[in-house]
Amino acid sequence: MAIPLGDINPTRRRGVITLLLIAINVGVFVLWQPWDGGFCEQSGFYARWGAIPDEIVGQEPLTQRELDTTVDPRCGLEATPDKSVSLSILIAMFLHGGWAHLLWNMLFLYVFGDNVEDRLGRPQFLLFYLACGALATVVFAGANPTSTATVVGASGAIAGVLGAYLVMYPTALVRVFIPPFFFVPLPAVLMLGGWFLLQILTDRIAGQAGAGIAYFAHIAGFVAGMLIVLLLGERPQQPLPYRPRGQTRQ
C-alpha cells in the first residue's frame, strides 16, 4: 500500500475550498458525531443521518421493522419517518466511521485536492466534489438496492478528486511511503492507477460491502471524477515549474 505524503505539483493559489472541506469534515466528526459513544448510540446516529441504499432506491426512510432487522432491537431505536433521504446523501459525505477513516480520507484530500481546485476554480471544485460524492453513493445504492447498511464517509467524493487528478496530471510526481521502509516519488498514473486497481480487486474479492467498506462507491466516484473533468474539456498537462517557498511567479 502506497501512502501519499505530498506531490511535486505547485498550485497558483491556495486550495481554500480543499482546506474548508477538511475543516468541515473534522469539525463534524469531533463536534457532532457520537464517535466515543456505544454501539447503539452510533448506530442510531448513522441510521438517522447516513445514506442507506434501500432508502435511496425506494425514496422512503426505513420502517421500524427494517430498522429492528438492521440494528439490534435491544437498542430500542425508533424509526424516523421524517428523515430526508435526499439530504442524507449530502450529509453522509461528512460523516465518518472512526478516526482512521477520517484521517485517511483527509490525507488524500489534502494531497490531491488543491491541484484539482486550482484547475477547476473554487466554486466549480466545490460543486464537482459534491457531485462526485452524490454519484458514488447513488451508484452504490443502485448496485445494492435492498441493502440497509449505512454508507458514510467522504471516500466517494475524494475518489472523484483522485480520478480528476489522474486525468489532469498523470505525470506529476507524488511522494509516497511504502511500508515499512521506502519513501519514493511515483508518477500519479502509477500511484492513483494502482489505487484504483486495488479498489476493483478488493471489491471483487471481498464483495461490494466487504469488511464494512463500500469499495464499489470508491470505483464509482473515481470514474465519475474522470468523466466529469473530461466532459469539462480538461486534458493532461505538465505540472507547473517548482519554485522554492517565498519565490513569486513572474
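Modeller: Two residues are in contact when heavy atoms of theirs lie within 4.5 Å, and by that cut-off A224, not counting residues up to four places away in sequence, touches C132 and L135 in this predicted model.

Colleague: Where does A224 lie, and what makes you call it buried?

Modeller: A224 lies in helix α10, which covers residues 215-231. The term buried is kept for a relative accessible area under 20%, and A224 is called buried because its value is 9%. One of the residues it touches is C132, and that cysteine, at 0% relative accessibility, also counts as buried.

Colleague: How far is A224 from L127 in space?

Modeller: The C-alpha atoms of A224 and L127 are separated by 13 Å, although the two residues are 97 residues apart along the chain.

Colleague: How do you know that C40 and C75 form a disulfide?

Modeller: A disulfide needs two cysteine sulfur atoms within 2.5 Å, and the sulfur atoms of C40 and C75 are 1.9 Å apart, so the pair meets that condition. The structure holds one disulfide. This pair links distant parts of the chain, with C40 in helix α2 (residues 39-49) and C75 in the loop between α4 (64-70) and α5 (85-92), 35 residues apart.

Colleague: Why is the disulfide of C40 and C75 called left-handed?

Modeller: The disulfide is called left-handed because the torsion about the S-S bond is about -70°.

Colleague: Which of the two words, buried or partly exposed, fits C40, and which fits C75?

Modeller: Buried ends at 20% and exposed begins over 50%, with partly exposed in between. C40 therefore counts as partly exposed at 30% relative accessibility, whereas C75, at 18%, counts as buried.

Colleague: Turning to the helices, why are α6 and α8 described as oblique to each other?

Modeller: Two packed helices are described by the angle between their axes and the distance between the axes. Helix α6 (residues 99-120) and helix α8 (residues 155-168) pack at about 40°, with their axes 9 Å apart. Roughly parallel would need an angle under 35 degrees, and roughly perpendicular one from 65 to 115, and α6 and α8 are therefore oblique to each other. Their crossing is left-handed, and the residues that make the contact include M106, F108, L109 and F112 of α6 and I158, V161, L162 and Y165 of α8. The residues of this contact divide into twelve nonpolar, five polar and one charged.

Colleague: What makes α6 and α7 oblique to each other as well?

Modeller: α6 and helix α7 (residues 122-143) pack at an angle of about 125°, with their axes 7 Å apart. Roughly perpendicular stops at 115 degrees and roughly antiparallel starts over 145, and α6 and α7 are therefore oblique to each other. α6 passes α7 in a right-handed crossing, where L109, G113, V116, E117 and L120 in α6 meet R122, Q124, F125, F128 and Y129 in α7. By class, the contact of α6 with α7 has six nonpolar, two polar and two charged residues.

Colleague: Which residues bring α9 and α10 together?

Modeller: Helix α9 (residues 188-206) packs against α10 at an angle of about 140°, with the axes 8 Å apart, and the crossing is left-handed. Among the residues that make the contact are W195, F196 and I200 of α9 and F216, I219 and F222 of α10. The residues of the contact divide into nine nonpolar, three polar and one charged.

Colleague: Why is V184 called partly exposed, and which residues does it contact?

Modeller: V184, in strand β3 (residues 182-187), has a relative accessible area of 29%, and because partly exposed lies between 20% and 50%, V184 falls in that class. Leaving aside its neighbours within four places in sequence, V184 is in contact with V174, R175, V176 and I178.

Colleague: What makes the backbone at Q59 and at the bond from P179 to P180 worth pointing out?

Modeller: Most residues other than glycine have a negative phi, and most peptide bonds are trans. Q59, in the loop between α3 (53-58) and α4, has a positive phi of about 55° although it is not a glycine. The peptide bond from P179 to P180 is cis, with omega near 10°, and P180 lies in the loop between β2 (173-178) and β3.

How values were computed: Residues are numbered from 1 along each chain as its sequence is written. This is a predicted model: local features need pLDDT of at least 70, side-chain atom pairs count only at pLDDT 80 or more; totals for chains, interfaces and linings use all residues. Side-chain values use heavy atoms; hydrogens and water are left out. Helices (H or I, at least four residues) and strands (E, at least two) are DSSP runs, numbered from the N terminus. Buried means under 20% relative accessible area, exposed over 50%, partly exposed in between (1.4 Å probe, protein chains only). Axes are lines fitted to C-alpha atoms, for helices over the stretch in contact, and angles run from 0 to 180 degrees between N-to-C directions. A crossing is left-handed if the near helix is turned anticlockwise from the far one by less than a right angle, and right-handed if clockwise. Ala, Val, Leu, Ile, Met, Phe, Trp, Tyr, Cys and Pro count as nonpolar, Asp, Glu, Lys and Arg as charged, and the others, Gly among them, as polar.
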